[in-house]
Amino acid sequence: MSIKRYGTVQTGAGGKPLPFARAVEADGWLYVSGQVAMENGEIIDGNIVAQTHKTIQNVIAILEEAGYGVEHVVRCGVWLDDPRDFWTFNGIYQQYFGEHPPARACVQSSMMVDCKIEIDCVAYKAKDK
């Protein structure tokens with residue numbers, strides 16, 4: 001089995017190095033680390049709408065870098081800072097995953113950075129033999 005890591009040299013808020021890969025691929029499985037509404041190492045300003053779009057766009061960018069798409073996502077984990085944001089988040093999420101809905105867990109949680117949402121996912125695509 002081969003393992004490929006994506007984005008092992010990355011920085012977070014304040015230019016601090018992040019000690020994890022953006023994603024790891026093994027035998028057709030892609031594990032995408034939790035993504036937030038980060039751009040150029042900083043969390044973007046904005047409400048749950050702006051942050052949800054940016055977070056999902058960051059997830060999709062990693063999927064595409066590894067040769068996957070939203071149709072390959074089998075599970076998402078979602079953390080919301082404020083449970084009152086659930087229905088707004090859910091409507092935006094459906095715009096991206098509506099045709100290929102993965103399994104999902106969504107919980108309310110305090111965040112490690114000043115963001116409103118975090119999303120990770122697992123995707124699968126059979127490898128060419």
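Is Lys54 buried or exposed at 16% relative accessibility? Lys54 counts as buried, where buried means under 20% relative accessible area, exposed means over 50%, and partly exposed is in between, with a 1.4 Å probe and protein chains only. Before going further, please keep in mind that this is a predicted model, in which local features need pLDDT of at least 70 and side-chain atom pairs count only at pLDDT 80 or more, while totals for chains, interfaces and linings use all residues. Residues are numbered from 1 along each chain as its sequence is written, and side-chain values use heavy atoms, with hydrogens and water left out.

Lys54 belongs to helix 1; helices (H or I, at least four residues) and strands (E, at least two) are DSSP runs, numbered from the N terminus. Setting aside neighbours within four places in sequence, Lys54 is in contact with Ala37, Met38, Glu39 and Ile44, contact being heavy atoms within 4.5 Å.

Let us now follow helix 1 itself. The helix covers residues 48–65, and because 18 residues at 1.5 Å each should span 26 Å, the 25 Å between its end C-alpha atoms agrees with expectation. That expected span is 1.5 Å times one less than the number of residues. At the N-terminal end, Asn47 acts as the cap, with a side-chain oxygen 3.0 Å from the backbone nitrogen of Val49. Such a polar contact is a pair of N or O atoms within 3.5 Å; within protein, one must be able to donate a hydrogen and the other to accept it, and residues adjacent in sequence count only if both atoms are side-chain atoms. After the helix comes Gly67, with a positive phi near 85°.

Many side chains along the way are worth a look. The buried residues of helix 1 include Gln51, Thr55, Asn58, Val59, Ile62 and Leu63. Ile48, also in helix 1, counts as buried because its relative accessibility is 6%. Beyond residues up to four places away in sequence, Ile48 touches Leu80, Asp85, Thr88, Phe89, Lys116 and Ile117.

Two of those partners lead us to helix 2, since Thr88 and Phe89 are among the helix 2 residues that meet helix 1. Helix 2 spans residues 86–97, and the two helices pack at an angle of about 30° with their axes 9 Å apart. Here axes are lines fitted to C-alpha atoms, for helices over the stretch in contact, and angles run from 0 to 180 degrees between N-to-C directions. Helix 1 and helix 2 are therefore roughly parallel to each other; angles under 35 degrees count as roughly parallel, over 145 as roughly antiparallel, 65 to 115 as roughly perpendicular and the rest as oblique. Their crossing is right-handed, meaning that the near helix is turned clockwise from the far one, whereas a left-handed crossing has it turned anticlockwise by less than a right angle. On the helix 1 side, the meeting residues include Val49, Thr52, His53, Ile56 and Ile60, and on the helix 2 side they include Ile92, Tyr93 and Tyr96.

Finally, visit the strands and their loops. Asp27 sits in the loop between strand 2 (23–26) and strand 3 (29–35), and has a positive phi of about 50° although it is not a glycine. Its relative accessible area of 47% makes Asp27 partly exposed. Asn40, in the loop between strand 4 (38–39) and strand 5 (42–43), is likewise not a glycine but has a positive phi of about 55°. At 77% relative accessibility, Asn40 counts as exposed. Val122, in strand 8 (residues 117–124), counts as buried at 18%.
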